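Here are two exercises to work through at your own pace. Have your viewer ready.

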Amino acid sequence: MTNKFMRRAIEISKKGRGYVNPNPLVGAVIVKDGIIIGEGYHEKYGGPHAEVNAFNNATEDVSGATLYVTLEPCSHYGKTPPCVNLIIEKKIAKVIVGMVDPNPIVSGRGIEKLINNGIEAITGILEDDIKRLNEIFIKYITTKKPFCIIKTAMTLDGKIASYSGDSKWITGESSRNYVHNLRHNVSGILVGIGTVITDNPYLTTRLNGEIGKDSIRIIIDTTARIPLSSNVLSEDLESKIIIATTKKANIEKINSLKNKGAEVIVTPILNDQVDLRYLFEKLGELGIDSVLIEGGSEINFSALEAGIVDKVIAFIAPKIIGGRDSKTSVGGKGIKYMKDAILLEGLEMVNFGKDIMVTGYIQRSGN
């Protein structure tokens with residue numbers, strides 16, 4: 001029964017995807033006499049927490065009930081008052097917690113306060129599932145750096161475009177719809193200037209044909225050669241745009257970009273390019289907890305080489321186009337020896353129509 005109610009809390013927590021960053025996804029369920037009498041989730045950043053919404057939605061007196069919550073109730077004042085205080089005030093008898101708060105500043109304090117006030121507290125229920133769901137939050141709250149995902153779509157022979165540069169469309173509609181959900185879930189979408197010049201994308205989000213939450217658009221542009229008429233600089237777009245460049249850029253062009261509403265970050269030069277490690281530190285300082293890289297082969301290799309990538313999502317379409325000049329999903333200089341290849345772990349495969357989506361996590365040294 002414990003797992004059943006926690007699974008429900010996990011399921012409703014997913015409704016907050018894309019709206020609560022950089023906060024975690026949290027769901028709460030109140031159970032009395034084996035029946036759910038209230039449930040809620042963290043709906044938006046700065047808004048009431050899951051526990052508060054569950055109490056507000058309760059259909060009867062919650063005293064003596066059991067509260068199932070995916071993340072340890074907060075014990076500190078932030079955007080909202082501590083949830084622990086409210087739980088004590090509502091006379092909840094037991095709290096079942098999925099995951100202890102990974103924030104080192106407050107970790108375990110909420111549980112401790114519940115126990116000190118006579119409330120039974122149990123932790124670690126479906127913890128692995130909740131950690132995976134909140135992988136973005138865990139990375140950001142413990143490192144203050146964005147969780148980075150590379151997304152790529154390729155043919156069966158590893159090509160991301162034909163020799164003529166044509167790439168629309170490699171994958172099917174269901175795969176592309178999933179990518180828009182990825183865009184909705186993250187704080188930022190990153191591409192290189194080559195993608196902007198070749199495809200002139202808007203980098204907006206559509207969910208089931210409707211407008212979704214547009215994430216911050218981040219353009220890697222070492223010399224600031226982005227055309228001012230580019231779609232990503234359109235005044236009609238509400239989401240913020242960041243141009244990452246270097247001192248190679250013309251100062252007048254930088255000022256023109258700022259006049260278009262762009263924020264310009266000038267990074268040190270590394271390997272004659274934007275220093276991606278420096279950039280990601282700055283993005284973290286701006287509160288950007290996650291970045292989806294949707295660039296071409298060069299930016300993909302640069303990100304992997306910089307060690308900033310956490311997760312890789314590769315869509316593989318059952319198509320073969322060949323071509324010695326056709327670009328592959330990862331370009332750059334490449335890795336010289338097979339023993340030094342970047343390894344993935346925790347692999348999962350899912351079908352989207354005729355396409356296959358392979359997901360894996362970068363294996364860090366020592367794993």
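A pocket, on a 1 Å grid over the protein atoms alone, is an open set of points where a 1.4 Å probe fits, with protein on both sides within 12 Å along at least five of seven lines; lining residues have an atom within 4 Å of a point. Its volume is the space filled by probe spheres set on the points, which are joined across faces, edges and corners.

This is a predicted model, in which local features need pLDDT of at least 70, side-chain atom pairs count only at pLDDT 80 or more, and totals for chains, interfaces and linings use all residues. Residues are numbered from 1 along each chain as its sequence is written, and side-chain values use heavy atoms, without hydrogens and water.

**Exercise 1.** Describe the second largest pocket and its lining.

Step 1: start with the space, about 810 Å³.
Step 2: find the centre; of the 32 lining residues, Arg17, Arg132, Leu133, Glu135 and Lys311 are the closest to it.
Step 3: look for the top contributor, which is H7 with 4 residues; helices (H or I, at least four residues) and strands (E, at least two) are DSSP runs numbered from the N terminus.

**Exercise 2.** Work out the strand order of the open sheet of 5 strands.

Step 1: apply the pairing rule, at least two DSSP bridges between two strands.
Step 2: E1 (residues 27-32) and E2 pair antiparallel over 6 bridges, and Gly27 stands opposite Tyr41 in E2.
Step 3: the full order is E2-E1-E3-E4-E5, with mixed pairing; the edge strands E2 (35-41) and E5 (120-122) each pair on one side only.
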